[in-house]
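Q: Could you take a close look at one part of this protein for me, namely the charged side chains and how they pair? I would like a careful, connected explanation that a first-year student can follow.

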Amino acid sequence: MIELQLADGIAEIVLNAPERRNAVDASALQAMSDALTEAERAGVRALVLRGEGKAFCAGRDISQVDPRTDDTIGFLQDRVQPLLQQLAAFPAPTFAVAHGACLGVGLGLLIATDVVYVAETAKLGSPFAALGATLDSGGHALFFERLGAHRTLDLIYSGRLLTGAEAVAAGLFSQVFPDDEVLAATRAAAAHAAQGPTLAFIASKELIRGLRDERLGLWQSMGGESAAQAALAETADYREGFAAFQQKRTPTFTGRG
């Protein structure tokens, strides 16, 4: 159900199980991890994550799960979290196409992606009270950070889902597009990023990670920016960027040091 397509320096990872709204099990998570590893080895300069059919990903496939014997910790902590961390650390800009249901692990995949473009009618939130379960895969952190405690718990208690337009208006994700335009817009953004200074983008990813995960302050972050800039100054892309500016032409970046 997981497909990897490589072309023009861009990887496209496709969740292709539309008959179950791209819900994932342990084997799908492993296949996605393998696809990320292969894409990294290929040296791609951008990555697109998308789902086939009417949904991005409806979360975990629980159709065959027996709650009496299910290893919930093993699935979430040992399988889901490492995959999301691998996606977040991917050494190139990553983009996701959010459409239809984006729930549970599906929401987590969006959280771990750098840039998320959202279809107007996408559905995001926590409908899991109906299962006697709660939001997972990083959803609490995302909603609390952007919505605050009251709105987050209101969504969880009510089970109400946000539309794509509501999610972007609330600052959860990047941009909203009509349903029939979101894939093309995401691919165009990835193609643009793939022509950019990849090492500079990776440096920005690491700086944002420090702000988010280590809660770095202004001056610490500024120090990190200075160190990153000094390292980038030794790269061919940095020299090309300056030369192009001075010569009033469009730069041609290689994405290498």
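A: What follows goes through the salt bridges of this predicted model, and then turns to the charges that gather on the surface.

Side chains of opposite charge can pair when their charged atoms come close. In this structure the count comes to 14 salt bridges, and a few of them are worth following one by one.

Consider the pair formed by aspartate 61 and arginine 20, whose side chains meet in a salt bridge with a distance of 3.4 Å from N to O. Aspartate 61 lies in the loop between β3 (46–51) and α2 (72–88), while arginine 20 lies in the loop between β2 (10–15) and α1 (26–41), so this pair ties together parts that are 41 residues apart in sequence. The two partners can also be described by their accessibility: aspartate 61 has a relative accessible area of 16% and is therefore buried, whereas arginine 20, with 31%, is partly exposed.

A similar description can be given for glutamate 240 and arginine 249, which form a salt bridge in which the closest N and O atoms are 2.7 Å apart. Here glutamate 240 is buried, because its relative accessible area is 18% and the cut-off for buried is under 20%, while arginine 249 is partly exposed at 35%.

Arginine 212 and aspartate 213 form another salt bridge, with 2.7 Å between the closest N and O atoms. In this pair arginine 212 has a relative accessibility of 39% and counts as partly exposed, and aspartate 213, at 45%, counts as partly exposed too.

Salt bridges can also be followed through a group of residues, and in this model Glu12, Arg50, Glu52 and Arg187 are linked in a network of salt bridges.

To complete the picture, we can turn to charges on the surface, where Glu120, Asp179, Asp180 and Glu181 gather in a patch of negative charge. The residues of such a patch have no salt bridge, so this group stands apart from the pairs described above. One of its members, aspartate 180, is found in the loop between β9 (175–177) and α6 (182–194), and aspartate 180 counts as exposed because its relative accessibility is 69%, where exposed means over 50%.

How values were computed:
Residues numbered from 1 in each chain as written. Predicted model: local features only at pLDDT ≥ 70, side-chain atom pairs only at ≥ 80, totals over all residues. Heavy atoms only, no water. Patch = residues over 30% accessible without salt bridge, like charges linked within 9 Å, V, L, I, M, F, W, Y side chains within 5 Å. Areas by Shrake-Rupley, 256 points an atom, 1.4 Å probe, with all protein chains shown as cover. Salt bridge = Lys/Arg side-chain N within 4 Å of Asp/Glu carboxyl O. Lys, Arg positive; Asp, Glu negative; His and termini not counted. Charge placed at Lys NZ, Arg CZ, Asp CG, Glu CD. Helix = DSSP H or I, 4+ residues; strand = E, 2+ residues; numbered from the N terminus. Buried < 20%, exposed > 50% of the residue type's maximum accessible area, 1.4 Å probe, protein only.
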